[in-house]
Amino acid sequence: MNAVPWSAQLRGLAARFGDAPAVTAQHGGTLSYEALSDRAHALAEVLAARGIAAGTPVAILLPNCAESVWCAYGVRLAGAADTPLGWGATGEEIAWAAQLAGFRTVITTADRAEAVLALGLEPLLPG
């Protein structure tokens with residue numbers, strides 16, 4: 001069986017389906033295959049530029065939305081370990097998860113970044 005790398009698969013879907021919807025968020029917002037691929041690959045480049053090595057856990061603290069989908073793909077494209085956190089997680093729960101999983105970087109929103117930073121973690125805003 002020939003395994004096609006994630007990057008090639010995602011680029012192939014983007015080339016084949018382009019502007020067709022890939023992700024539709026429950027509370028509005030649609031993401032095309034092309035946008036999904038572009039954003040995920042851009043995030044993977046950012047993670048690589050930050051020196052995040054393959055296998056490094058990276059947390060995602062986002063609500064269930066289209067953004068959380070392309071962020072998860074981006075983390076995986078970078079070879080990092082996608083570590084999802086529940087949007088309702090408290091600071092104490094995030095700190096405990098960081099201790100268990102060993103992540104230092106947390107992809108999150110601007111309104112949660114300060115709280116993440118206060119825990120001694122590195123917030124990364126998508127987009």
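**A tour from a buried cysteine to a pocket**

Start by selecting cysteine 71, which counts as buried because its relative accessibility is 0%. Keep in mind throughout that this is a predicted model.

With that residue still highlighted, add cysteine 65, whose sulfur is the closest cysteine sulfur to that of cysteine 71, at 7.7 Å, a distance too far for a bond. A disulfide is a covalent bond between the sulfur atoms of two cysteines. Since a pair has to lie within 2.5 Å to be counted, the total comes to 0 disulfides, and cysteine 65 is accordingly in none.

Next, colour the strands, and look for the open sheet in which 4 strands follow the order β4-β3-β5-β6 with parallel pairing. At its edges you will find β4 and β6 (122–124), and each has a single partner strand, so one side of each is left without a neighbour in the sheet. If you turn the view, neighbouring strands can be seen to be rotated by 30° against each other on average, direction ignored.

Now zoom in on strand β3 (residues 57–61), which is joined to β4 by 4 bridges, the two running parallel. Here valine 58 stands opposite aspartate 82 in β4.

Where does aspartate 82 lead us next? Asp82 helps to line the largest pocket, together with residues including Ile60, Cys65, Ala72 and Trp87. This pocket has a volume of about 180 Å³, and the elements that give two or more residues to its lining are α3 (66–77) and β4 (81–84). Finally, colour the lining by class, which gives 8 nonpolar, 3 polar and 1 charged residues.

Technical notes
Residues are numbered from 1 along each chain as its sequence is written. This is a predicted model: local features need pLDDT of at least 70, side-chain atom pairs count only at pLDDT 80 or more; totals for chains, interfaces and linings use all residues. Side-chain values use heavy atoms; hydrogens and water are left out. Buried means under 20% relative accessible area, exposed over 50%, partly exposed in between (1.4 Å probe, protein chains only). On a 1 Å grid over the protein atoms alone, a cavity is a set of points where a 1.4 Å probe fits but cannot get out, and a pocket is an open set with protein on both sides within 12 Å along at least five of seven lines; lining residues have an atom within 4 Å of a point. Grid points are joined across faces, edges and corners, and a volume is the space filled by probe spheres set on the points. Ala, Val, Leu, Ile, Met, Phe, Trp, Tyr, Cys and Pro count as nonpolar, Asp, Glu, Lys and Arg as charged, and the others, Gly among them, as polar. Two strands pair if DSSP finds at least two bridges between them. Axes are lines fitted to C-alpha atoms, for helices over the stretch in contact, and angles run from 0 to 180 degrees between N-to-C directions.
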